[in-house]
Amino acid sequence: MTASPVSTATGSGREPVHRHHVEGFGTVRVTPVDPAADSALIHSWVTQERARFWGMGGASRELVQEIYEDVDRRTTHHAFMVSRDGEQVALFQTYECAEDRVSECYEVQPGDVGVHLLIGPGRGEREHGFTAHLMSAFIAFVFSDPIVRRVVVEPDARNDKAITLMERTGFVLGPEVELPEVDLPEVYIPAKKARLAFLDAPASLRGAR
C-alpha cells in the first residue's frame, strides 16, 4: 500500500479510509491505527496465545504502542483498526512484500502487497460467515489502491481453516515455505512454516493498471 491512506489521519481524530457495506452483515470501516488510543485494545489481542505468531505475547502495553508508532512512521507497512457498525472487531495490516521477510521465500512481483489479519475475541456465540464477510471488505480496500496488482497471504501451514478460507475467497495456493525469524529489540517473531497464497487484482481493474 502507498503512504497516502495513513497520511489522511491525524491523532485521535483519525477517520476511516474505507467503508464497505455488506448486505446482511453491516458496514465495515477501516481506520488507521492510532497508537496511543488503540494500544490498550491491540495489546489485549496480541498477547493472547492464539496470536503467538504476532510475536508480542510478553509485550507491555507501552511496548505495543511503541511498535505501532514505528509502523505509523513507515511508508511500506500500515496498520488499521477494523470496525463493524461501530464495534472494533479486527486488526488489519498491509505491507510491501519486497520490504518484508516473506521476500526471502518467493520471487516478489511488482505490485505485490501482503496482509495480516487478527480477529478480535468473539462475544457470545460464533457468527457464521463473520471472517468471510470481513475478508470481502479487506480485499475491496486493498485493491482500491491502483498500485496493488496482487495480494499475498502466508497463514500458518497447519491452519487448515485459514487456508480453506483463502481458497474460498479466490486465492490460489502457492508453496509451503519457512518464514525466517525476526529478532529485534522491540519484538521477536519466530520462524514460521507458512503456506503462501495469491489473489490477483480483479479482471475489471487490470486494464486500468
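Helices and strands are DSSP runs, numbered from the N terminus. In this predicted model, the chain has six helices and ten strands. Of its 209 residues, 47% are buried. Among contacts between residues at least 6 apart in sequence, 62% join residues at least 24 apart.

Strands β3 (77-84) and β4 (87-96) are joined by a loop that contains Asp85. The backbone of Asp85 has a phi near 50°. This value is positive, and the residue is not glycine. Most residues other than glycine have a negative phi.

Helix α4 covers residues 130-142 and has 13 residues. From first C-alpha to last, α4 reaches 19 Å. The span expected at 1.5 Å a residue is 18 Å, close to that value. Several residues of α4 are buried, including Phe130, Leu134, Met135 and Ala137. Phe138, Ile139, Phe141 and Val142 in α4 are buried too.

Aromatic contacts involve this helix. Five aromatic pairs are counted in the structure. Phe25 and Phe130 form one of them, with an edge-to-face geometry. Their ring centres lie 5.5 Å apart, and the angle between the planes is 65°. Phe25 is in the loop between β1 and β2 (26-32), whereas Phe130 belongs to helix α4, so the pair ties together parts 105 residues apart in sequence. Phe25 and Phe130 are both buried.

Phe92 and Phe138 also pair. Their planes are at 10° and their ring centres 4.3 Å apart, so this pair is stacked. The pair again links distant parts of the chain: Phe92 is in strand β4, Phe138 is in helix α4, and 46 residues separate them. Phe92 is buried, at 2% relative accessibility. Phe138 is buried as well, with a relative accessible area of 1%. Phe92 and Phe138 belong to one aromatic cluster, together with Phe80 and Phe141.

The ring of Phe25 has a charged partner. The charged end of Arg84 sits over this ring, 4.4 Å from its centre. Phe25 thus appears in two contacts, one with the ring of Phe130 and one with the charged end of Arg84.

Charge pairing was examined next. Side chains of opposite charge can pair when their charged atoms come close. Ten salt bridges are present in the structure. One of them joins Asp72 to Arg14, with 2.8 Å between the closest N and O atoms. This pair links distant parts of the chain, 58 residues apart. Asp72 lies in helix α3 (residues 61-73), and Arg14 lies in the loop between α1 (4-7) and β1 (18-22). Asp72 is partly exposed, with a relative accessible area of 26%. Arg14 is buried, with a relative accessible area of 15%.

Helix α3 also holds a salt bridge between Arg73 and Asp70. The closest N and O atoms of this pair are 3.9 Å apart. Salt bridges are counted within 4 Å, so the pair qualifies. Arg73 and Asp70 are three residues apart in the helix, so about one helical turn separates them. An α-helix has 3.6 residues a turn, so residues three or four places apart point the same way. Arg73 is exposed, with a relative accessible area of 62%. Asp70 is partly exposed, at 30% relative accessibility. A network of salt bridges links Asp70, Arg73 and Arg74.

Another salt bridge brings together the side chains of Arg158 and Asp156, at 3.1 Å from N to O. Arg158 is exposed, at 62% relative accessibility. Asp156 is buried, with a relative accessible area of 12%.

A polar contact occurs after helix α4. Asp145 is placed in the loop between α4 and β6 (150-153). Asp145 is buried, at 7% relative accessibility. The side chain of Asp145 reaches the backbone nitrogen of Ile147 at 3.0 Å.

Notes: Residues are numbered from 1 along each chain as its sequence is written. This is a predicted model: local features need pLDDT of at least 70, side-chain atom pairs count only at pLDDT 80 or more; totals for chains, interfaces and linings use all residues. Side-chain values use heavy atoms; hydrogens and water are left out. Helices (H or I, at least four residues) and strands (E, at least two) are DSSP runs, numbered from the N terminus. The expected span of a helix is 1.5 Å times one less than its number of residues. Buried means under 20% relative accessible area, exposed over 50%, partly exposed in between (1.4 Å probe, protein chains only). A polar contact is a pair of N or O atoms within 3.5 Å; within protein, one must be able to donate a hydrogen and the other to accept it, and residues adjacent in sequence count only if both atoms are side-chain atoms. Rings of Phe, Tyr and Trp (its six-membered ring) pair if their centres lie within 6.5 Å; planes under 30 degrees apart count as stacked, over 60 as edge-to-face and the rest as tilted. A charge sits over a ring if NZ of Lys or CZ of Arg is within 6 Å of the ring centre and within 35 degrees of the ring normal. Contact means heavy atoms within 4.5 Å.
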